Amino acid sequence: MSWCNDLHEICRAQVPLAPLTWFGLGGPARWLVEPRSESELSTVLHRSAESGVPVRFLGLGANLLVPDEGVDAAVIRLNGPVFRRIIPADSSIEAGAGAHLTTLVRTAVHGGLAGLEALAGIPGTVGGGIRMNCGGRHGEIASAVESVRVISSQGRLRDCPADALRFRYRACELGGERVVSARFHLERADRGLVLERFREIWREKSRSQPALREKSAGCIFKNPPGGASAGRLIDESGLKGARMGGAEVSDRHANFIVAHTGARTADVLALVERIEERVFIRTGVRLEREVEVW
Ligand code: EPU
């Protein structure tokens, strides 16, 4: 008997993942599981751990590369209403891990709550955004997180304060746990001012980065320690426009790889390796990947 036989309402086999990622690439998930409640999520995790089934969490697939052959794992997607909830209060917002960052930021900005507008234009979910401490030059999600509810790989839930996550540049210490929901502390502010700052950041990104309709995964590499920009290093290594199969280094911002029609994950990975090699030879810097490769 399969580990998920009696979970058929929320578990499907051999589900293509490409349409669920921003790159639009990659093969199927052996199982795609979409629990509808915390207790169902807990059951799924407990069961998969008992059966030795590997588990992966999928958000909006905005920072992710799925192999062409797919993934032999249970891919969990927190896509139901419970996990996508966004509940604003006087100076805070509670959000499920599957809530879209863009909706969260819009809710805050339009409600005159300051503290999340630096995330303008970042695609992803609350869970994924916290796990990688998403952000940019104007700020990171960490500065607004008050507490998170997490679940262990065995399905045990607990609440923990933001401090315990030890946020740093594009990372935090979740260990084997995953975010289920989060509370953000924000500041009441003049709605017009918050909106203007949000629009300014959005405009700056639209000018310097590829259009959102292009298939990419945001920045491929983290910026190296010491303040250098990975995009600039790649650019100065002469790689803008470099191509491997259907994957190309963006002309707009060299830390983005754009996938053209017919591209495969293998093309993107080959290009990533070429960038790593060339940048190291030219500059001596070993770039660290920001994109998650399954
Ligand atoms: N630059 C170049 N050539 C390029 C790209 C950039 O010379 O092809 C130069 C720019 O002119 C600028 C400097 O490099 O002087 C920094 O560039 P930018 O302002 O675009 O910032 P970044 O450090 O490359 C970071 C985040 C982005 C975020 C922006 C804006 C990382 C790895 N990247 O980029 O985040 O949108 O700041 O806040 O931290 C992401 O993480 O996926 C991402 C896109």
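This is a short walk through one helix, one small sheet and the ligand site of a predicted model.

Let's start with helix α6. The helix covers residues 265-283, which is 19 residues. From first C-alpha to last, α6 reaches 27 Å. That is close to the 27 Å expected at 1.5 Å a residue.

Now, which residues of α6 are buried? Thr-265, Asp-267, Val-268, Leu-271, Val-272, Ile-275 and Val-279. They cover an arc of only 150° around the axis, so they sit on the same side of α6. Here is the background. An α-helix has 3.6 residues a turn, so residues three or four places apart point the same way.

Turn to the other side of α6. There, Glu-277 and Ile-281 are exposed.

What do the buried residues of α6 pack against? One partner is a helix, α5, at 230-236. The others are β4 (64-65), β15 (243-244), β16 (247-249) and β17 (257-259). Just after α6 comes Gly-284, with a positive phi of about 80°.

Three of those packing partners deserve a slide of their own. β15, β16 and β17 form an open sheet, in the order β15-β16-β17. The pairing is antiparallel. β15 and β17 are the edge strands, each pairing on one side only. Between β16 and β17 there are three bridges.

Let's zoom in on one residue, Glu-248. Glu-248 belongs to strand β16. Is Glu-248 buried or exposed? Buried: its relative accessible area is 18%, and the cut-off for buried is under 20%. Across in β17, its bridge partner is Val-258.

Glu-248 also has a list of contacts, leaving out residues up to four places away in sequence. Gly-241, Ala-242 and Arg-243 are on that list. So are Phe-256, Ile-257, Val-258 and His-260. Leu-271 is there too. We met Leu-271 a moment ago, among the buried residues of α6. That contact links Glu-248 to Leu-271.

Last stop, the ligand. How many residues are around the ligand? There are 21. Tyr-169, Gln-209, Cys-219, Asn-223 and Arg-232 come nearest.

Now three distances, each to an oxygen atom of the ligand. For Gln-209, an N or O atom of the side chain is 2.7 Å away. For Glu-290, a polar side-chain atom lies at 2.8 Å. For Lys-240, a side-chain N or O atom is at 3.5 Å.

To recap. α6 keeps its buried residues on the same side. Glu-248 is buried and pairs with Val-258 in β17. And Gln-209 is one of the residues that come nearest to the ligand.

Key:
Residues are numbered from 1 along each chain as its sequence is written. This is a predicted model: local features need pLDDT of at least 70, side-chain atom pairs count only at pLDDT 80 or more; totals for chains, interfaces and linings use all residues. Side-chain values use heavy atoms; hydrogens and water are left out. Helices (H or I, at least four residues) and strands (E, at least two) are DSSP runs, numbered from the N terminus. The expected span of a helix is 1.5 Å times one less than its number of residues. Buried means under 20% relative accessible area, exposed over 50%, partly exposed in between (1.4 Å probe, protein chains only). The arc is that of the directions from the helix axis to the C-beta atoms. Contact means heavy atoms within 4.5 Å. Two strands pair if DSSP finds at least two bridges between them. A residue is near a molecule or strand if one of its heavy atoms lies within 4 Å of it. A polar contact is a pair of N or O atoms within 3.5 Å; within protein, one must be able to donate a hydrogen and the other to accept it, and residues adjacent in sequence count only if both atoms are side-chain atoms.
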